[in-house]
Amino acid sequence: MTSFFRRSRQGATVTEIGLLVGLIAVLLMATLTSVGQNLTALFTQVNTSLASNTTNSVPETPPLSCTTTISGGINIDLASAIETPCNWDGIEPLTATLTLTGIFSSTSTSLASLVVDFPETATVTLINKATIQGAGGAGGEGAWVLSGTGHNDGYPGEDGGPALEIRSSVTLDNQGSIWGGGGGGGGGATLHYPNHYAGGGSGGGGAGRNAGAAGFRQTTQYGPYPIGNSGSAGTASTGGAGGAAAVYQGEYSGAGGAGGGPGQAGQQGAPGRGSMSVTSRAAGGAAGAGVLLNGGAVTWITQGDILPAL
């Protein structure tokens, strides 16, 4: 009897220990799950805070601000011209207000007097108080007689050059003058009439700060017959006169065309007498652009004095 009770008590002890271990395991699992969730939330919060601090620790650099004046020049690239006064590297973001004064000119009809070509990171406002003027085109040579049945046609006048070339976006307040170069005058026609021959006059040069040269007088002469006269060079404000017609026994060749004024085309050479006199004269050159948009765009505050007009 005593032995039976002893065995039953041992069995109860094992059962109680098993239950106790199970309970402890459940409590541990619940505790660890709760701790894990809290740790996850904590790590997420720390990570978010670190990311926020990293972002805020590198403040955005404001663009360089510059206000300066550029006083004239020849074949000016404006972006390069402001690098020193603005302490700008030509690349970094820039906000600039630039005042233009004096006279801007060009050495060639193929080059603008002032080029605006800034990177997309630049915001540029131009206040133009200057005269920006393209080069004038040269006058064309007059036609000349080769024989009693042949001639060389006159040469056309050269086109004027552009004043302001825009290759990027810019805001522009034009308080000055922006003038394309005048076109050169065309060469005049021959006198080609039975037993009456003469060369045509040459064209005048177009207006420009680098004014167009006069059409030169041809040197080839047929027999005793006269050759045409040279035109006149242009000036900054006017085109040159065309060369006068040649005269032979009361009959005339064609005079050269006058060069165009600022932003104006050159005139066509005049006809002479005879069957070949009209076709041998030449056209005047076109006016250079006052504002040449070459991939750029302008937001106008004031258009003002622009030749040719937009």
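**Figure 1. Glycine 240 in the loop between β13 and β14 of the predicted model**. The loop that holds glycine 240 runs between β13 (196-198) and β14 (247-248). Glycine 240 is buried, its relative accessible area being 3%, where the cut-off for a buried residue is under 20%. Leaving aside residues up to four places away in sequence, glycine 240 is in contact with Gly204, Gly205, Ser232, Ala233, Gly234, Ala258 and Gly259. Alanine 138 is 102 residues from glycine 240 in sequence, and the two C-alpha atoms are 9.5 Å apart.

**Figure 2. The disulfide between cysteine 66 and cysteine 86**. A search of the whole structure finds 1 disulfide. The sulfur atoms of cysteine 66 and cysteine 86 are 1.9 Å apart. The torsion about their S-S bond is about -70°, so the disulfide is left-handed. Cysteine 66 belongs to strand β1 (residues 64-74) and cysteine 86 to helix α3 (residues 83-86), so the pair ties together parts that are 20 residues apart in sequence. Both cysteine 66 and cysteine 86 are buried.

**Figure 3. The largest nonpolar core**. This core has 30 residues, and those touching the most other members are Leu78, Ile82, Leu100, Phe118, Leu126 and Leu164. At least two residues each come from β1, α2 (78-81), β3 (94-105), β4 (114-116), β5 (122-128), β9 (164-166) and β10 (169-174). The most is given by β3, with 5 residues.

**Figure 4. Surroundings of isoleucine 82, and another core**. Isoleucine 82 touches Thr68, Ile70, Asn87, Trp88, Leu94, Leu98 and Phe118, with residues up to four places away in sequence not counted. Apart from the largest nonpolar core lies another core, of 7 residues, including Val145, Leu191, Tyr197 and Ala246.

**Figure 5. The chain as context for the close-up views**. The chain contains 3 helices and 18 strands. Of its 310 residues, 40% are buried. Among contacts in the chain with a separation of 6 or more, 71% are between residues 24 or more positions apart. About 15,700 Å² of the chain is exposed, and carbon and sulfur atoms supply 57% of this area.

How values were computed:
Residues numbered from 1 in each chain as written. Predicted model: local features only at pLDDT ≥ 70, side-chain atom pairs only at ≥ 80, totals over all residues. Heavy atoms only, no water. Disulfide = S-S within 2.5 Å. Helix = DSSP H or I, 4+ residues; strand = E, 2+ residues; numbered from the N terminus. Buried < 20%, exposed > 50% of the residue type's maximum accessible area, 1.4 Å probe, protein only. Contact = heavy atoms within 4.5 Å. Areas by Shrake-Rupley, 256 points an atom, 1.4 Å probe, with all protein chains shown as cover. Core = buried A, V, L, I, M, F, W, Y, C linked by side-chain atoms within 4.5 Å.
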